[in-house]
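Subject: Structure for you to look through

Dear colleague,

I am passing on the structure we talked about, so that you can open it beside this message and follow along. Please take your time with it, and read the notes below with the model in view.

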Amino acid sequence: MGKTLAEKILSLKSHSKAEAGDVVIADVDLAFVQDTTGPLTIRQFKESGFEALAKPQQTIIFLDHAAPSPAQQLSNDHILLRRFAEETGCRIYDVGEGICHQLVAENFANPGDVIVGADSHTVTAGALGAFATGMGSSDVAVALALGKTWFRVPESFLIELNGAFPRGVYAKDLVLYLIGQIGADGANYKALEFAGEALARMTMSQRLTIANMAVEAGAKVGLFPGDKITRDFLREHGRGGRYKLLYPDAGANYERVIPVNLSQLEPMLSLPHAVDNVRSVTQVKRVKIQQAFIGTCTNGRLEDLAVAAEILKGKKRHPGTRLLIAPASRQVLIRAIEKGYIQSLIEAGAIILPPGCTACLGLHQGVLGDGEVCLSTANRNFKGRMGNPEAMIYLASPATAAASAIKGEITDPREFV
Amino acid sequence: MPDLVLKGKAIKLWDNISTDDIIPGRFAHLRSNLPELAKHVLEDAAPEFASRVSALSAEGKGQAILVAGKNLGLGSSREHAPVVIKMSGVGAILAKSAARIFFRNAINQGLPVLLCDTDKIGDGDELEINLTGGKVANLTSGITLSCGKMPPIMSAILKEGGLIPYIQKHKDFKL
């Protein structure tokens, strides 16, 4: 019988014939923590009696969640993490370098890799064909020391993408639509595997947006094949040699097949306070927003800033709406400056935040007030997510966020593109 | 070896409790001070939760059992979520379903999570959980519920009190 992508990668990495439902021990190619999960991971690593990392050059600490730190306790956590990097010889990306998932995509993830991160959006690297999944601190602590971890091999859902995005509709709209269809727990413990003729036109940036949100349907991974677009992305990022063609076998067994015709999609929104509370933007009228936030591991890439800059160029944000822009990495910021996007955005009234997670998780740089509404390009709108349980978060594409920032209320981006 | 049995009282919560509900991100500065962090468990979503758990512990008639609906613990990978639930005094969790990372994190913390039809459990019901057999006896209603089985490696981790004690003892994963 043919293998799914998940079965193929886990077979290779566990040196066994892994089938859905099996429990395997797999080699880990890359393990990482960030600054809000790393300190617990390090304490557990030491408590276990470990001293050395299995693979120091394949172990990374990212300081991105509180970056730069807004509180002395978090600054002290950063000191702990920097010391650990010195002691063990692992890699570290300090504050201002960018969001862990973006940096993993730019610098590390390859088709067929197994990646574990102490952050739920580790699934982002599935865009590159890596079996990448989020785990807690204990699991990552052990993976750092042993260079392996255990997995239950997931059953897969095949998401078959056909057609082309209409004007004003983007990867974010597709993934919000999908989560609305599947539900927040509909793919719990499963793999989402993306296929279909539309992939030939789907950029790596779009794939990263989609894979990033696989976890919002409960999925363990969101996997794209390794194809020509993967190859070109790896070449551009200096690791063309790590490319390999990676497809599921014909006759692989899928628990569910979900076909989506992209040409029939509309701009979508997630309404408070659940990611699967999805509507088309045309169904939501006259919701005023006090903050528009464009960035995060979901939508902080160059293509996202390009879309936003194009809409906002020569226009102004609504006086009642703050407009926050957070590039996902230093490289994204530099390119956005070179391309003139940052100039357009600042002239439109945007505040440019440092590369990192910024306002997404409610620690700093854009915490909402009571009763305020934020239209965000992030991946979560849970109650309290942006630092205040009395606030409301809507999720949408960068185009919808940019259009809404101009009008001061949730706006269909097709008015502007 | 005798069956591992835990007696306690249900504190009934609802569906889709996120890790942001359990321990909001705005308390990230307390993550290296777990006793202080634990004071904020479910603070926004269920403000009376922590005091109910400590009142039950003070009664001395068994531990609080967190009973939730579906998709408990969706969201972030923060292991601090099961850590603060355990530190607050909860002895076990029952849910219809639990999000993947939260489920694994709770077991790694030695906090039992059993999956069963929690519609059959009311707030304040007296429960007797047989962790070895995967059964929940609802002493209030007289109904016994069967729980979903976990992979043997998770049962072994739970038996050792969590992943860190498991690794200290075995030095490696044993399938």
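The place to begin is the contact between the two chains, which takes 39 residues from chain B and 46 residues from chain A. Please keep in mind throughout that this is a predicted model. On the side of chain B that touches chain A, helix H1 (19-22), helix H5 (100-108) and helix H7 each supply at least two residues, and the largest share, five residues, comes from H5(B). If you sort the residues of that side of chain B by character, you will find 13 nonpolar, 15 polar and eleven charged.

One pair of helices across this contact deserves a careful look, namely helix H5 (residues 137-146) of chain A and helix H7 (residues 163-170) of chain B, which pack at an angle of about 25° with their axes 9 Å apart. Because angles under 35 degrees count as roughly parallel, H5(A) is described as roughly parallel to H7(B). The residues that meet here are Ser138(A), Asp139(A) and Val142(A) from H5(A), and Leu163(B), Ile164(B) and Ile167(B) from H7(B); taken together, they divide into four nonpolar, one polar and one charged.

Turning to chain A by itself, you will find 13 helices and 18 strands, and its C-alpha atoms fill a box of roughly 55 × 50 × 40 Å along the principal axes. A compact globule of 417 residues would have a radius of gyration near 22 Å, and the 20 Å of chain A agrees with this. Buried residues make up 64% of the 417 residues in chain A. Among the contacts in chain A between residues at least 6 apart in sequence, 76% join residues at least 24 apart.

Chain A is also assigned two domains, with domain 1 covering 5-261 and domain 2 covering 270-415, and the C-alpha centres of these domains lie 24 Å apart. Where they meet, 34 residues of domain 1 of chain A are in contact with 30 residues of domain 2 of chain A. On the domain 1 side, helix H4 (100-107), helix H6 (171-182) and helix H7 (204-212) of chain A each supply at least two residues, and H6(A) gives the most, with six residues. The residues on that side of domain 1 divide into 13 nonpolar, 14 polar and seven charged.

With best wishes

Key. Residues numbered from 1 in each chain as written. Chains lettered and ligands numbered in written order. Predicted model: local features only at pLDDT ≥ 70, side-chain atom pairs only at ≥ 80, totals over all residues. Domains from an automatic or database assignment. Contact = placed C-beta atoms within 7 Å. Helix = DSSP H or I, 4+ residues; strand = E, 2+ residues; numbered from the N terminus. Nonpolar A, V, L, I, M, F, W, Y, C, P; charged D, E, K, R; others polar. Axes fitted to C-alpha atoms, helices over the stretch in contact; angles between N-to-C directions. Parallel < 35°, antiparallel > 145°, perpendicular 65-115°, else oblique. Rg over C-alpha atoms; globule rule 2.2 N^0.38 Å. Buried ≥ 20, exposed ≤ 12 C-beta atoms within 10 Å, placed from the backbone.
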